[in-house]
Amino acid sequence: QVQLVESGGGLVQPGGSLRLSCAASGSIFSINAMGWYRQAPGKKRELVATITSDDNTNYADSVKGRFTISRDNAKNTVYLQMNSLKPEDTAVYYCKLRTSLFDYWGQGTQVTVSS
């Protein structure tokens with residue numbers, strides 16, 4: 001009964017910033033990585049950023065230099081700091097917890113970048 005609860009989405013103007021949070025709870029064992037994915041209307045879900053258990057990070061080319069993924073192990077929470085937002089960043093953002101056996105997904109949070 002692992003749960004991932006996301007928060008922090010909303011409406012922001014181009015060039016603005018937003019921080020997403022994803023808190024995990026339940027019986028969590030052997031976390032391999034946590035990450036963020038997004039899906040825009042009519043498009044495939046794509047990887048945004050990941051962070052491994054040994055703190056290695058990876059980013060999609062489209063967000064490098066603008067987004068930062070981080071985690072707080074004590075709170076079982078992963079964050080996505082999004083700066084210099086563009087209209088093409090508009091999507092539903094999902095967090096993912098990857099363990100040695102299963103993947104778990106959050107409910108998704110809407111991010112809209114528009115003037």
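**Strand pairing and side-chain alternation**

In the predicted model, the bridge partner of Y93 in strand 11 is T109. This contact belongs to the pairing of strand 9, residues 91-99, with strand 11. The two strands run antiparallel and are joined by 3 bridges.

Strand 11 also pairs with strand 2, which covers residues 10-12. Here the direction is parallel, and again 3 bridges make the connection. Within this pairing, V12 stands opposite V113 of strand 11.

The side chains of strand 11, residues 109-113, alternate between two faces. T109, V111 and V113 point to one face and are buried. Q110 and T112 point to the other face and are not buried. In a regular strand, side chains alternate between the two faces of the sheet. Two of the buried residues recur in the bridges described above: T109 is the partner of Y93, and V113 lies opposite V12.

A further element is an open sheet of 4 strands. Its strand order is 1-3-8-7, and the pairing is antiparallel. Strand 1 (3-7) and strand 7 (67-72) form the edges, each pairing on one side only. From one strand to the next, the twist averages 15°.

At one edge of this sheet, strand 1 is joined to strand 3 by 5 bridges. Strand 3 spans residues 18-25 and runs antiparallel to strand 1. In this pair, Q3 stands opposite S25 of strand 3.

Technical notes. Residues numbered from 1 in each chain as written. Predicted model: local features only at pLDDT ≥ 70, side-chain atom pairs only at ≥ 80, totals over all residues. Heavy atoms only, no water. Buried < 20%, exposed > 50% of the residue type's maximum accessible area, 1.4 Å probe, protein only. Pairing = 2+ DSSP bridges. Axes fitted to C-alpha atoms, helices over the stretch in contact; angles between N-to-C directions.
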